[in-house]
Amino acid sequence: MEPPQEPYRPYEQVSRRPWVVGVSGASGTPFAASVLRALLTAGEAVDLVISRASRLTLLDETGIAFRDAHWQEDLRRWLARGADGTPDAFEVPAGVADVRHWAAGDLAAGPSSGSYETKGMLIVPASTACVAGVALGLSKDLLQRAASVTLKERRRLVVAVRETPLNGRTLRHLVSLDEAGAVVLPASPAFYAGATHIQDLVDFVAGRVLDAAGVPHKLYRRWEGELGGDRGRG
């Protein structure tokens, strides 16, 4: 008597649907760290893509060298660091152990294909070179390719551009991204939430990125319609 055959399963249900977080070479690595901490705290899965240029920026702004062979250790150090440079200012969320890191030069990585399921992509910060590459569909590295895939699959793409001033060509690229369905979110902090520390300003921008992605967070106090309502609060 032949043993019973298992039922045919043409596919297995995918349970992990990450946010792809791309970090480009613009100044503003504390914005990325704040977004990553909040995503992990919210229980979101994260796929991380750090461009080659952003590694130089990260080294310059934090002193942390992001190394392929030791990226987990370097990521933990980065996420623990405060925007003012204080080491171990934050407790690293437990979800960091499940982060997937894809090398920027790996064009065979998961996020390079539309069949790799994600919730969308957040580019924090986005340099003008990154903005141009995504707007023009250049796909010169995994970060740009993943962004192009996000757009073609009609998934949420948030581009936190960090540059000033902006020239006409970059503005046209940003309009193209908006027309393609991306959320263009300049890294512009606000002061009405009662900021008293550089971390408050960083967290405001990170919070607005997460608002655009629809991810809950508690990074800043929201406007409640009361003038001076947050003044003097600790």
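A residue is called buried if its relative accessible area is under 20%, exposed if that area is over 50%, and partly exposed in between. The exercises below apply this scale to a predicted model.

**Exercise 1. Decide whether E44 and K119 are buried, partly exposed or exposed, and work out which parts of the chain their salt bridge ties together.**

Step 1. Begin with the contact itself: E44 and K119 form a salt bridge in which the closest N and O atoms are 2.8 Å apart.

Step 2. Next, place the two residues along the chain. E44 belongs to the loop between α1 (29-41) and β2 (46-50), while K119 belongs to the loop between β3 and β4 (120-126), so the pair ties together parts that are 75 residues apart in sequence.

Step 3. Now apply the scale. E44 has a relative accessible area of 16%, and is therefore buried, because buried means under 20%. K119, at 32% relative accessibility, counts as partly exposed.

**Exercise 2. Find which strands form the edges of the open sheet, and describe how β5 is joined to β6.**

Step 1. Write down the order of the 6 strands in the open sheet, which is β3-β2-β1-β4-β5-β6, with parallel pairing.

Step 2. Look at the two ends of that order: β3 (100-103) and β6 (183-184) are the edge strands, and each of them pairs on one side only.

Step 3. Turn to the join between β5 and β6. Strand β5 covers residues 156-161 and runs parallel to β6, to which 2 bridges join it. Within this pairing, V159 stands opposite V184 in β6.

**Exercise 3. Describe the surroundings of T62, starting from its helix and ending with its contacts beyond the sequence neighbours.**

Step 1. Locate the residue: T62 lies in helix α2, which covers residues 52-62.

Step 2. Classify T62 by its relative accessible area of 13%, which makes it buried.

Step 3. List the backbone atoms beside its side chain. A polar atom of the T62 side chain lies 2.5 Å from the backbone oxygen of L58, and a polar atom of that side chain lies 3.0 Å from the backbone nitrogen of I64.

Step 4. Finally, set aside the neighbours within four places in sequence; T62 is then in contact with T29, W78 and R81.

**Exercise 4. Compare the salt bridges of D74 and D211, giving the partner of each residue and the accessibility of those involved.**

Step 1. A search of the whole structure finds 8 salt bridges, and D74 takes part in one with R67, where the closest N and O atoms are 2.8 Å apart.

Step 2. D74 is buried at 0% relative accessibility, whereas R67 is partly exposed, with a relative accessible area of 34%. R67 and D74 are also linked with E73 in a network of salt bridges.

Step 3. D211 forms its salt bridge with R222, and here the closest N and O atoms are 2.8 Å apart. D211 lies in helix α7 and R222 in the segment after α7, so the pair ties together parts that are 11 residues apart in sequence.

Step 4. D211 is partly exposed, with a relative accessible area of 24%, and R222 counts as partly exposed at 42% relative accessibility.

**Exercise 5. Identify the residues of the nonpolar surface patch that includes L227, and classify L227 itself.**

Step 1. The patch is formed by Y192, W223 and L227, which together have about 400 Å² of accessible area.

Step 2. L227 is found in the segment after α7 (198-213), and its relative accessible area of 79% makes L227 exposed.

Note on methods: Residues numbered from 1 in each chain as written. Predicted model: local features only at pLDDT ≥ 70, side-chain atom pairs only at ≥ 80, totals over all residues. Heavy atoms only, no water. Pairing = 2+ DSSP bridges. Helix = DSSP H or I, 4+ residues; strand = E, 2+ residues; numbered from the N terminus. Buried < 20%, exposed > 50% of the residue type's maximum accessible area, 1.4 Å probe, protein only. Polar contact = N/O pair within 3.5 Å; in protein donor to acceptor, adjacent residues only side chain to side chain. Contact = heavy atoms within 4.5 Å. Patch = residues over 30% accessible without salt bridge, like charges linked within 9 Å, V, L, I, M, F, W, Y side chains within 5 Å. Areas by Shrake-Rupley, 256 points an atom, 1.4 Å probe, with all protein chains shown as cover. Salt bridge = Lys/Arg side-chain N within 4 Å of Asp/Glu carboxyl O.
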